[in-house]
Each structure stands twice: as C-alpha cells, then as structure tokens.
Amino acid sequence: MVQYQEIDRTFAALGDPTRRGVLERLGRGDATITELAEPFGISLTGMKKHVRLLEEAGLVTTEKVGRARMCSAGPRRLEDVQTWTQTYRQMLEQRLDRFGELLERTKGATQ
Amino acid sequence: MTNDQATRATVTTPSDREIRTERVFDAPRDRVWAVWTDPELIPEWYGSRDGETVVDKMDVRVGGDWRFVMREPDGSEAAFRGTYREITAPELIEQTFEWEGMPGHVCVERTEFEAIGDRTKVTTLTLFHTTEERDGMLGSGMEVGMNETYARLDELLARR
C-alpha cells in the first residue's frame, strides 16, 4: 500500500541524527550540499544521499543554482501537527491490520 | 470472514487533536489481550511490514516503560517510547506514545477491549498535545516564575 510506504519514508528520513541535523540547519536558512556536509564532517556523496532521502519524504527541496545544489526546508514540516497526526493515524491503521492478521494466523494455536 | 466489520478499522476524529479507531477482531477478549501485551509477539505486528521491530523495553504495569526500535531495510531506525499509565486486564491500557524523532510531542493512547460474544472490539483513542498547548504551558510556567521573582524582589526591597 502506498500510504504505508509514505510513513516508512518519513520515519526512515528522520531516523538518522545527521538528517535531523540537516533539517535543523535548513530551518535557519538555505544551504548548499557543501555547506551542509562541512559541519558534519562527511563527504559530499554522503550528504547527497542524506538530502535525497529527505527530499523523497518531502521534508527538503533542492534546486540547482549554477554548479551548486541549493537545499531548502520542504513543504512538509515535522512541526506541523497535521503531518504528524496523519502519519500517526496511518501507522495505527497498519498496526491494527497486522494485529488482525496475526490473530488469524495463530488461531487455535494460542486459544 | 463473514462480517466486514472485523476486517476494517473505523477511524474518526472527534476533535482536531483526537483520533479514534475502532475495530472488531474475530477472537475472544482474553486472547486479544494476551497477544496485545506479549513482548515476544510485538515484532509480529507492531511495526511496518518490511522493517524489523525490536522490543527494547516493555514493562506492562502502571508506571512501566516501553521502547520499540523499528529498523527499515535501508538500515535507518525510528524509535518510539512511552509509559503505561493505566492497566486493567483484560479491558484497558492507557499509555503515552512518543516518537524519539520528534521529542516533546507526547500522545496519550487509551485502548479499550470490549467482549462481544467470542469477538472483541478494540477502541483506541489518541490525544495529541498541540504545540500551542505546550507553548501555553511554558508561558504560564514562566509567568509563575516571574511573579515569584518579583515577589522576592519586593521582599528584599522592603527589608532595606
């Protein structure tokens, strides 16, 4: 299901301290990949990968400016309570689905 | 499955910071409770299908903590934690829920288990604390602090 992939992407994007740091940094203003990579002491390739994951989750947008790639905070904000409640709701539905499947699967075994 | 109700969750939003889900499971209440509260079975249902859920802590008693870590296939992790606030087997569990990726946004999940013959209705009401509310608490706390400071300053000035 598409919606499940979306939640997984959001959590995956934020399940890393570097990526959370990138979001925090972009909250203060736009930055290039090079500017983002420097304080974390990681390679440009490494930072590009982090930014791509954040971009896929809609948390960051990027734009090519000359030879550099400028990054900005994306349309989805984590602080946005609606984004969070929506994600939570999808997670809860997924949880209940899987719980029902487990009950079906173990029927008779644990009665 | 004969009844459609058993396979679909009903989701309603009583207010903009509440989510209520209701679902009927085709299993007796004692069994639903036993599966729901078994740490060994959490990896089987709690997290996403593709990922892996590791139970770090699950102390199912009032005041007990829980913490689950979900690992996705790409190696990233998301951790969730909380505390059990109320437990009445096999009827009710109230616990806090917090995603470590967004600390401070604590939800309260209240799950009720209702026996309907050999089936069980599971209702979860989740209450979200809004940023405004949290800021409000912070504001009033600061106000009290400031008033105390002023009162002490008044006392000090009166003594001189």
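This is a short tour of a predicted model, stop by stop.

**Stop 1: chain A on its own.** Select chain A and colour it by secondary structure: five helices and three strands should show up. Trace the chain along its sequence and the order reads α-α-β-α-α-β-β-α. If you shade by burial, 31% of the 111 residues of chain A count as buried. For a contact map, take the chain A contacts with a separation of 6 or more: 51% of them come from residues 24 or more positions apart.

**Stop 2: H3 against H4.** Now pick residues 33-40 of chain A, which form helix H3, and residues 44-56, which form helix H4. Their axes sit 9 Å apart and the packing angle is about 110 degrees. Angles of 65 to 115 degrees count as roughly perpendicular, so that is how H3(A) and H4(A) lie to each other. Show side chains next: from H3(A), A:Ile33, A:Thr34, A:Leu36 and A:Ala37 meet A:Leu44, A:Met47, A:Lys48 and A:Val51 of H4(A). By class, this H3(A)–H4(A) contact has six nonpolar residues, one polar and one charged.

**Stop 3: over to chain B.** Bring chain B into view and select the residues where the two chains touch. You should have 27 residues of chain A in contact with 34 of chain B. Which elements of chain A give two or more residues to this side? They are helix H1 (2-14) and helix H5 (81-105). Highlight H5(A) in particular, as it gives the most, with 15 residues. Finally, colour the chain A side by residue class: 13 are nonpolar, six polar and eight charged.

Terms used. Residues numbered from 1 in each chain as written. Chains lettered and ligands numbered in written order. Predicted model: local features only at pLDDT ≥ 70, side-chain atom pairs only at ≥ 80, totals over all residues. Contact = placed C-beta atoms within 7 Å. Helix = DSSP H or I, 4+ residues; strand = E, 2+ residues; numbered from the N terminus. Nonpolar A, V, L, I, M, F, W, Y, C, P; charged D, E, K, R; others polar. Buried ≥ 20, exposed ≤ 12 C-beta atoms within 10 Å, placed from the backbone. Axes fitted to C-alpha atoms, helices over the stretch in contact; angles between N-to-C directions. Parallel < 35°, antiparallel > 145°, perpendicular 65-115°, else oblique.
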